[in-house]
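Trainee: Please pick one part of this model and take me through it closely. I would like the contacts spelled out, with their cut-offs, and then the setting of that part in the rest of the chain.

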Amino acid sequence: MSDELRRNMALFPISTVMKLTDLSARQIRYYEQHGLVRPARTKGNQRLFSFNDVERLLEIKSLIEKGVNIAGIKQMLKPVNSDSEEATVITPQSEEQRRKFADSKQFRRLMKHQMLTGNRYNRTTLLQGELARFFKT
DNA sequence: TTTCTGACA
DNA sequence: TGTCAGTA
């Protein structure tokens, strides 16, 4: 399984993303409305976020904290699809499979990998810190 | 129980 | 952005 694929796997429900990003569900949905992120959906219409989505949300968060408005962020984070989403939107395996995976050893490895590796630009990402915090407590 | 959309403040 | 309503 390629890194690209792993980063684009839709795995987290909004509750997990809230903890990871420290954003409210209201904010996350609001940013989605404005096209800042494109989480996948389950058959039940529930949002499923990927590592890429979470990372994007963290970038958005930092930008908001710096006083940048939605319009400004839209221009800075333009390509919502070109280099990541859509083409790879992995899918929502069945709910059972997803939940099972989210608690598996493989998942732990994935998380660890994300913490150590970071994104494809070999740059330390905000997500790494969030991930570490998420697993310590 | 959790999440979703829409709406009001 | 928070929060409430009515669903799925």
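Mentor: A polar contact is a pair of N or O atoms within 3.5 Å; within protein, one atom must be able to donate a hydrogen and the other to accept it, and residues adjacent in sequence count only if both atoms are side-chain atoms. The model is predicted, so local features need pLDDT (the predictor's confidence in each residue, from 0 to 100) of at least 70 and side-chain atom pairs pLDDT 80 or more, whereas totals for chains, interfaces and linings use all residues, and side-chain values use heavy atoms, without hydrogens or water. Residues are numbered from 1 along each chain as its sequence is written, while chains are lettered from A and ligands numbered from 1 in the order in which they are written.

The part to look at is helix 3 and its surroundings at the DNA. Helix 3 spans residues 25–33; helices (H or I, at least four residues) and strands (E, at least two) are DSSP runs numbered from the N terminus.

Take DNA strand B. A residue is near a strand if one of its heavy atoms lies within 4 Å of it. Around DNA strand B are Ile14, Ser15, Arg26, Arg29, Arg41, Asn45, Gln46 and Arg47. Helix 2 (14–21) and helix 3 each give this surface at least two residues. Sugar or phosphate accounts for 92% of the atoms of DNA strand B that lie within 4 Å of the protein, and bases for the rest. The polar contacts fit that backbone share. An N or O atom in the side chain of Arg29, in helix 3, is 2.4 Å from a phosphate oxygen of DNA strand B. For Arg41, the corresponding side-chain distance to a phosphate oxygen of DNA strand B is 3.0 Å. Gln46 has a polar side-chain atom 3.4 Å from an oxygen of DNA strand B that is a sugar or linking oxygen.

DNA strand C has another set of neighbours: Ser24, Arg26, Gln27, Tyr30 and Tyr31. Arg26 is listed around DNA strand C and also around DNA strand B. Here 31% of the strand atoms within 4 Å of the protein belong to sugar or phosphate, and the rest belong to bases. Three side chains have polar contacts with phosphate oxygens of DNA strand C. In Gln27 the distance from a side-chain N or O atom is 2.4 Å. Ser24 places a polar side-chain atom 2.7 Å from such an oxygen, and for Tyr31 the value is 3.1 Å.

Now the other side of helix 3. Its buried residues are Ala25, Ile28, Tyr31 and Glu32; buried means under 20% relative accessible area, exposed over 50%, and partly exposed in between (1.4 Å probe, protein chains only). They lie on the same side of helix 3 because they cover an arc of only 130° around the axis, the arc being that of the directions from the helix axis to the C-beta atoms. Exposed Arg26 and Gln33 sit on the face turned away from that buried side. Tyr31 therefore appears twice: it is among the buried residues, and its side chain contacts a phosphate oxygen of DNA strand C. The packing partners of the buried residues of helix 3 are helix 2, strand 1 (40–41), strand 2 (47–48), helix 4 and helix 5. Just after helix 3, Gly35 has a positive phi of about 70°.

Helix 2, one of those partners, can be described in the same terms. Its buried residues are Ile14, Thr16, Val17, Leu20 and Thr21. Their arc around the axis is only 155°, which puts them on the same side of helix 2. Ile14 is buried and also stands among the residues around DNA strand B. After helix 2 comes Asp22, with a positive phi near 65°.

For the wider setting, chain A has 8 helices and 2 strands, in the order α-α-α-β-β-α-α-α-α-α along the sequence. Of its 137 residues, 44% are buried. Among contacts (heavy atoms within 4.5 Å) in chain A between residues at least 6 apart in sequence, 68% join residues at least 24 apart.

Last, confidence. Chain A has a mean pLDDT of 76, with 59% of its residues at 70 or more. Residues 82–90 have pLDDT below 50, and the stretch has 19 contacts in the model beyond near neighbours in sequence. Where pLDDT is low, the predicted coordinates should not be read in detail.
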